[in-house]
Amino acid sequence: MKKWKIVCMILAAVLVLALAASGGTAVYFVRQAQQWHDACLSLRGQLRQRLEESCLSVTENGDAVGEFPLAGLRADDPYAQIDEMFSETDRLTAEQFAALSWTEQLGWYRRSTREAPAAWYEALQSGNTLTLALSDGGWDFAPVLAALDETPREAAQDAYAVFSAEKGAYEIVSEQPGTELVPEPIEQALFAAVSGVRVSPDSADSRSFELTSCDCYQKPALTAEAAVFDYGALLAADAAGRMIEVNFSGQTQSLSVGNYVFADADGRVQVDGEKLSQRLQEFAAQYNEMDTPFRFDSTDRGTVEIEFLPCNYTLNTAELYAKLEKQLSHLDTTPVEAQFVCTDLQGEPFGLGDTYIAVDIESQTVTYYQDGERLVYNDVVTGLPYGFATPTGLYHVVSLERDCWLTGPDFNVFVKYWVGFIGTLYGLHDASWRSEFGGERYKTNGSHGCVNMPDAPIRAIYENVQVGTPVLVF
């Protein structure tokens, strides 16, 4: 009996020792399971963190448009792709895993590390990186497009033709690209920019995209190379309402620019010469003056009609045509002054030229122009109106004398300067016996017909004038 008791006690002790050894082993493997689960959770958390850090940087012409988290550009749930790499038990929190029975924990440990090793386990064992590869589908770039739309945009400008007054022709202004966007190529380029995104616990995957790297701007509908313009229609619009005022000695006529121009195939403005010439002939018929008094621009009285000098004033159509042709071809509406050619009744050019002496009897003045410059302007005394009037007419200097005596029935006077214009009878000379000139003195104390002058002005005339210089007395 004692023997069986001893055997039983020994068996009991062995059983206790076996149970104790078994329990210790279980505790060891449970702890191992928890450690591996913690490592699994860490990997999963790191993958999520790296995904959150991954972004797309968008620029336009080097200027930042925005930073866009890649996770926020997914139409699907990017974190679901991470979860798919882990089992349901893998995703339990540490507390939830610890709450499982030993059997469940050890079963998970055995399956994940021995029977069907999980990807995360193999990565940890091998030292390799666990990598998440986002699918190329499922992107939604609406946030990027919205940010691009916030930038002020300019529409593309078509090529157009504009008239150049300087060249007298239409010039084509090249098209200008705009900054308005076409979404489709942008989305295609964005898909390419984020293609093959991969994140690991150790690194995020950020991408960059420069908008100008893709052909995404609205193009002009009309280019300079392909443009075809209706220059005739453009000219009609530009010439509409344009008038050139032509002044004919105080009377004005208006020329409608559009009636005399047309555009050639190259866009150059041409003048209808036949039509313009016909209009100028009509003007000539209307404004030519034949056998009419010579119009002299006097110093004191403005334009004076000289009755004793009949002449013809005919429109200088050649000169007017040249002016108008130039202005019409450049759409220039500057007013034009018509010029008239003065001829004598035989048709020969007539005028005093730029060098002449003019004696104005009414104003009692003398003016001497030399080469268009007025050298002398002074008061004079002309002949007594009744009996000794200075004869009006167009004469020429016929003689120049110094220090001579003028004699007549009732006078014998010495003069220093003599400028004769009618033989030896009439001329301009100094008059030392007079102290005053001008006014109406000639009516009561006039000369015997000559033009009396002070010393200084007659000396200036004498020293500069030439024989043959015109002398107009009016």
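Is Glu-325 buried, partly exposed or exposed? In this predicted model, Glu-325 comes out as partly exposed, with a relative accessible area of 34%. Its place is in helix H10. Leaving aside neighbours within four places in sequence, Glu-325 is in contact with Val-271 and Leu-276. The second of these, Leu-276, sits 49 residues away in sequence, yet the two C-alpha atoms are 8.2 Å apart in space.

Next door on the helix is Lys-326, also part of H10, which covers residues 317–329. Lys-326 has a relative accessible area of 61% and counts as exposed because that value is over 50%. From its C-alpha atom to that of Gln-270, 56 residues apart along the chain, the separation is 9.8 Å.

Stepping back to the whole chain, the overall shape is a long way from a ball. A compact globule of 474 residues would have a radius of gyration near 23 Å, whereas this chain has 57 Å. Along the principal axes, the C-alpha atoms take up a box of roughly 205 × 50 × 30 Å. The secondary structure consists of twelve helices and 24 strands. Of the 474 residues, 37% count as buried. The exposed surface adds up to about 25800 Å², and carbon and sulfur atoms supply 51% of that area. Among contacts with a separation of 6 or more, 65% join residues 24 or more positions apart.

How far can the prediction be trusted along the chain? The average pLDDT is 93, and 95% of the residues score at least 70. Residues 7–23 are another matter: pLDDT stays under 50 there, and the model has zero contacts for this stretch beyond four places in sequence.

On to the nonpolar cores. The largest has 44 residues, and those with the most contacts inside it are Leu-56, Trp-120, Ile-186 and Phe-209. At least two residues apiece come from helix H1 (2–53), strand E1 (55–60), helix H2 (78–83), helix H4 (102–115), helix H5 (119–126), helix H6 (142–149) and helix H7 (183–193). H1 gives the most, with six residues. Trp-120, leaving aside neighbours within four places in sequence, is in contact with Trp-36, Cys-40, Leu-43, Phe-86, Asp-90, Trp-108, Ser-112 and Leu-130. There is also a second, separate core of 43 residues, which includes Ala-161, Leu-320, Leu-324 and Leu-472.

Two hydroxyl-bearing residues deserve a look of their own. Which residue does the side chain of Ser-447 reach with a polar atom? The partner is Cys-450, whose backbone oxygen lies 2.5 Å from a polar atom of the Ser-447 side chain. Ser-447 is found in the loop between helix H11 (441–445) and strand E23 (451–453). At a relative accessible area of 6%, Ser-447 is under the 20% cut-off and therefore counts as buried. Not counting residues up to four places away in sequence, Ser-447 touches Val-381, Thr-382, Gly-383, Leu-384, Phe-388, Arg-434 and Asn-452.

The other one, Thr-292, lies in strand E12, residues 289–298. Thr-292 counts as buried too, because its relative accessibility is 11%, under the 20% limit. With residues up to four places away in sequence not counted, Thr-292 touches Leu-309, Pro-310, Cys-311 and Tyr-313.

Notes:
Residues numbered from 1 in each chain as written. Predicted model: local features only at pLDDT ≥ 70, side-chain atom pairs only at ≥ 80, totals over all residues. Heavy atoms only, no water. Core = buried A, V, L, I, M, F, W, Y, C linked by side-chain atoms within 4.5 Å. Buried < 20%, exposed > 50% of the residue type's maximum accessible area, 1.4 Å probe, protein only. Helix = DSSP H or I, 4+ residues; strand = E, 2+ residues; numbered from the N terminus. Contact = heavy atoms within 4.5 Å. pLDDT = per-residue confidence, 0-100. Rg over C-alpha atoms; globule rule 2.2 N^0.38 Å. Areas by Shrake-Rupley, 256 points an atom, 1.4 Å probe, with all protein chains shown as cover. Polar contact = N/O pair within 3.5 Å; in protein donor to acceptor, adjacent residues only side chain to side chain.
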